[in-house]
Amino acid sequence: MTVSAVETRASLLNSAQFAQDLAEKSIAGEELSREEAFAVLSWPADDILTLMQGAFRVRQEFFGKRVKLNFLLNVQSGICAEDCGYCSQSRVSDAPVDKYKLMGPDDILEAAEKAIANKATRLCMVASMRGPTDKDVNSVATAIRQVRQTYPQLELCACLGLLKEGQAEKLEEAGVTAYNHNLNTSERHYDEVCSTHTFADRLDTVSKVQKAGISACSGALFGMSETAEDILEVGSRLREMQVESIPVNFLVPVPGTPFVGKQELTPIQCLRILALFRFLNPRSTLRIAGGRELHLRSLQPLGLYAANSIFVGDYLTTEGQAGNLDVEMIRDMGFELEGDVPGAAGEETPLSERVKFTHRG
Ligand code: SF4
């Protein structure tokens with residue numbers, strides 16, 4: 001089928017059938033054709049619900065209505081020697097972010113308690129660095145052991161940059177659940193985003209993680225002048241690598257970073273990307289990560305028809321929506337929090353307490 005034939009088909013009255021066909025294909029383990037993927041990325045805005053219904057069919061098949069919450073902790077902030085154009089913590093960023101060295105185990109343990117209070121089932125420990133020294137790995141491994149002992153139910157994900165031989169194994173021995181290292185964009189586009197390391201370096205770390213038997217978490221970041229081809233390429237690459245968890249970030253153009261002027265996304269485009277990633281990676285946990293509030297705005301709930309996970313609390317250097325609003329959004333949609341205790345929903349603010357009087361004059 002040609003591109004125009006597929007696009008025409010998507011725009012006709014049978015778009016609902018087309019979306020369901022894509023869903024069935026995805027569930028059966030087949031990869032979408034390039035033409036089908038491009039049709040998803042150009043899905044008519046006024047018919048977006050049909051596309052999200054297709055994505056929801058796949059999500060429901062593998063994840064039901066469950067939503068997993070992750071809690072981010074910036075364990076080393078603002079002192080990275082790399083030059084990633086999107087990052088507020090890079091050496092080329094003037095953003096007024098906090099600067100501190102690697103946190104010790106006690107601070108990480110304290111954050112684990114906060115993660116649980118926010119109903120998160122995974123704590124993601126992220127350090128701004130090119131890659132850890134062996135001393136850094138030992139320190140994080142000690143923290144992992146302590147958190148494991150105190151909160152055995154909490155999954156732990158480390159994100160410490162590029163790994164050297166033997167470091168993934170040390171984290172695995174300490175009991176880390178997952179290791180995050182995003183591909184961010186396509187191989188072709190990577191040079192436009194960073195010059196101090198390569199796409200191949202990133203692939204190498206993900207491969208080391210998988211070889212060490214750690215669950216690989218690797219995703220992408222959109223809104224950096226990538227083309228539809230780049231979006232498809234990074235989504236397909238993650239499919240090929242069979243990563244278990246895929247964070248999807250939307251660029252937050254932080255003042256002081258080289259990418260501050262980029263304003264390319266719309267809420268509808270973010271939904272199309274999420275739907276495509278769900279079709280391409282039906283069994284992977286799809287996490288809507290940075291930029292959710294800024295880019296999806298009032299359409300945030302629709303993102304959950306494709307994704308089955310979000311981050312609660314603040315991001316690495318920017319504020320997120322209040323955690324209780326996220327929980328409320330999930331429950332209002334009739335979705336369920338993963339790991340939630342039945343009957344623990346009694347924290348809702350009574351409607352009468354939400355009424356605010358206007359006072360004029
Ligand atoms: S390697 Fe990570 S922390 Fe360092 S500049 Fe790039 S994205 Fe930021």
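At what angle do helix H9 and helix H10 pack, and how far apart are their axes? I started there, keeping in mind that this is a predicted model.

**Entry 1: H9 and H10**

I looked up the pair and got an angle of about 30° with the axes 9 Å apart, for H9 at residues 228-241 and H10 at residues 267-280. Angles under 35 degrees count as roughly parallel, so I put H9 and H10 down as roughly parallel to each other. The handedness of their crossing came out as right-handed.

Next I wanted the residues that meet. From H9 I noted Ile231, Gly235, Ser236 and Arg239, and from H10 they face Ile273, Leu276, Phe277 and Leu280. Sorting this contact by class, I got five nonpolar, two polar and one charged.

**Entry 2: H6 and H7**

I then turned to another helix pair. Helix H6 covers residues 134-150 and helix H7 covers residues 167-174; I found them packed at about 15°, axes 8 Å apart. H6 and H7 are therefore also on my list as roughly parallel to each other. I checked the crossing, and H6 passes H7 in a right-handed one.

Which residues make this contact? On the H6 side I wrote down Val137, Ala141, Ile144 and Arg145, and on the H7 side Gln167, Lys170, Leu171 and Ala174. The class split for H6 with H7 is five nonpolar, one polar and two charged.

**Entry 3: the two domains**

I pulled up the domain assignment, which gives domain 1 as 3-60 and domain 2 as 64-337. Their centres, taken over C-alpha atoms, are 27 Å apart. How many residues does each domain put into the contact? I got 21 from domain 1 and 19 from domain 2.

I followed up on the domain 1 side. Helix H2 (15-27), helix H3 (34-41) and helix H4 (48-63) are the elements that each give two or more residues to the side touching domain 2. H4 has the largest share of that side, with nine residues. By class, I noted 15 nonpolar, three polar and three charged residues on the side of domain 1 that touches domain 2.

**Entry 4: the ligand**

Last, I looked at what surrounds the ligand. My list reads Cys80, Glu82, Cys84, Cys87, Gln89, Ser90, Ser128, Arg130 and Gly161. How does this shell divide by class? I have three nonpolar, four polar and two charged residues. Cysteine counts as nonpolar in this scheme, so I put Cys80, Cys84 and Cys87 of the shell in that class.

Conventions. Residues are numbered from 1 along each chain as its sequence is written. This is a predicted model: local features need pLDDT of at least 70, side-chain atom pairs count only at pLDDT 80 or more; totals for chains, interfaces and linings use all residues. A residue is near a molecule or strand if its C-beta atom, placed from the backbone, lies within 6 Å of it. Axes are lines fitted to C-alpha atoms, for helices over the stretch in contact, and angles run from 0 to 180 degrees between N-to-C directions. Helices (H or I, at least four residues) and strands (E, at least two) are DSSP runs, numbered from the N terminus. Angles under 35 degrees count as roughly parallel, over 145 as roughly antiparallel, 65 to 115 as roughly perpendicular and the rest as oblique. A crossing is left-handed if the near helix is turned anticlockwise from the far one by less than a right angle, and right-handed if clockwise. Two residues are in contact if their C-beta atoms, placed from the backbone, lie within 7 Å. Domain bounds come from an automatic or database domain assignment.
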